[in-house]
Amino acid sequence: MNGWQTLLYKEVLRFWKVAFQTIAGPVLTAMLYLLIFGHALEDHVKVYDQVSYTAFLVPGLAMMSLLQNSFANSSSSLIMSKVMGNLVFIMLTPLSYWHWFVAYVGAAVVRGLVVGAGVFVISALFTHVSFAQPLFIVAFAVMGAALMGTLGLIAGLWAEKFDQLAAFQNFVVMPMTFLSGVFYSIHSLPAFWQGVSHFNPFFYMIDGFRYGFFGVSDVSPWLSLSVVGAALLLVAGIALQLLRSGYKIRS
Amino acid sequence: MLAISFQSISKAYSSPKGPPGTTFLAVDNVSLGIEEGEFFGLLGPNGAGKTTMISMLAGLTRPTSGSASVLGHDVQKDFAAARRRLGVVPQELVFDPFFNVREALRIQSGYFGVKNNDAWIDELLESLGLTDKADANMRQLSGGMKRRVLVAQALVHKPPVIVLDEPTAGVDVELRQTLWQFIAKLNKQGHTVLLTTHYLEEAEALCGRIAMLKSGRIVALDHTSTLLKAASSNVLRFKVDGDLPPALAAQARVTGRIVQFPAHDALEIEHFLAAVRESGLVAQDVEIRKADLEDVFLDVMQKHSGQAATEGVTV
């Protein structure tokens, strides 16, 4: 392994060693959502004609878990290394800012995909889910995880204390994921909130991902792919610039 | 070629005191060259700028002006080549709680692209007395053991230039011995060593050359032997019950009851003892010893203490 591969490996090993907390926990949480919302709302809510509500929930929950865990991986790894001071071991190495970016975001993608796949596999035991457009599933999963891993990288660099990171997670990431149509179609919202939802990049990630399963969606999957791709490029540009300038790491 | 070179390097931090925009110069226009194979000591009181100098060399901190290089490689423009040649033992006792000792060393090797490094890792573990801790998690190690791992991590990519930032602060005698034997061996094999320490006897025993830093400036730079020669060659040491008159105390170093007075010859010694007697005090346990690095250090620091209050602060 060369330098950046080692950093990627170390970042993956870091969450793998505490997989009970980083993988099993989020999968269980998603299962509880599925059981409770699915059970309570199955007979009352119909989003798409051919799709049961429980089946409708599965891709949204898988994507929500994937996004939250990708964010959590890069952000918590960085803030912990900063607070404990062991980031110095990486700062002393010849790794460039590109290497840092690829390794931290790469590990976040791996964790997001593992948790997302875990949610999906276990949900498949309860309900039947189809795969209308598998390539869209893969594309949105990988890009969504990369986008949130990159956002986590930025938040991890910015935050100096754990509570700042928790604030970012509770006041930005959580509302945006919940208000993105995980539990509903935005067409069921009043016009004003439908309009607002169109400014939420999380909506496009979940809507496009869901299209991969059912072949139906609220907006065109190509529009979603473009929005997610553009958002990814934007945050990656910001993250690379912060890493290059040594923002809050190299004074 | 110089192993380590600082060229007119400065580092300004924004000052917590004073009006906004006030800066504090932690390192003030320092130029210093360290030859390959040297064992070099960087001494100075807390806040003198030692760690800032090392941080700039390691690329952890960026200089405000000037530059630094490792074996001819600029630490900013050519940072990858510079860092490959540099091993740094940080001052803080930091560790990654997710890994055991061997994992930590393997990962650190990997960052530098060093493959199949187990033979060297085993040698490092053996030399630093860590072999039986190889599979222990970092969290379970005592402070001294963590310090040894830090040394091993710094050396894992076989850097020709080694920097140790106060590696023996708060470390027991046994580890200090183990560590110094090991570092001295590496130095004999040709590694350049830059050391900062508070233990002056260590610097005296190990370092061929010494720079003394105060308020971000070099106030003394010479071979250790020359520095020792230049200082007063003898020290008169005794105990008194009571306070010395201020005029005498100003010339001496007083630590509780112990008084130490730098003296060049017998006449000075006689003169000083007479002055003590005249003040009504009795000198007990009188001895005369050779001056050591601590005397040189205190002497140099005292000479520059007048400037310290006004220097280093610019608006």
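## Domains of chain B

The domain assignment splits chain B into two parts: domain 1, made of residues 2-85 + 159-228, and domain 2, covering 232-290. Their centres, taken over C-alpha atoms, are separated by 35 Å. Please keep in mind as you look around that this is a predicted model.

## The sheet

Let us turn to the strands. In chain B, four strands make an open sheet, and their order is β12-β13-β11-β14. The pairing in this sheet is antiparallel. On its edges you will find β12 (253-255) and β14 (284-290) of chain B, each of which pairs on one side only. From one strand to the next, the twist averages 20 degrees.

## Around strand β11

Which strands does β11 of chain B sit between in the sheet order? The order β12-β13-β11-β14 puts β11(B) between β13(B) and β14(B). With β13(B), residues 258-263, strand β11(B), residues 234-239, forms an antiparallel pair over six bridges. With β14(B), β11(B) also pairs in the antiparallel sense, here over five bridges.

Asn234(B) is a good residue to start from if you want to follow both pairings by eye. Its bridge partner in β13(B) is Ala263(B), while in β14(B) the bridge partner of Asn234(B) is Lys290(B). Another position to look at is Arg237(B), which stands opposite Gln260(B) in β13(B).

## A helix across the sheet

The sheet has a helix to go with it. Helix α10 of chain B, residues 266-278, lies across three strands of chain B: β11, β13 and β14. Relative to β13(B), helix α10(B) runs at about 145 degrees.

## Where the chains meet

Now to the contact between the two chains. How many residues of chain A are in contact with chain B? There are 21 of them, and they are in contact with 23 residues of chain B. On the side of chain A that touches chain B, the elements giving two or more residues are α1 (3-16) and α4 (88-91) of chain A. Helix α1(A) provides the largest share of that side, with five residues.

What is the make-up of this side of chain A, in nonpolar, polar and charged residues? The residues of chain A that touch chain B divide into ten nonpolar, seven polar and four charged.

Conventions. Residues numbered from 1 in each chain as written. Chains lettered and ligands numbered in written order. Predicted model: local features only at pLDDT ≥ 70, side-chain atom pairs only at ≥ 80, totals over all residues. Pairing = 2+ DSSP bridges. Axes fitted to C-alpha atoms, helices over the stretch in contact; angles between N-to-C directions. Contact = placed C-beta atoms within 7 Å. Domains from an automatic or database assignment. Nonpolar A, V, L, I, M, F, W, Y, C, P; charged D, E, K, R; others polar.
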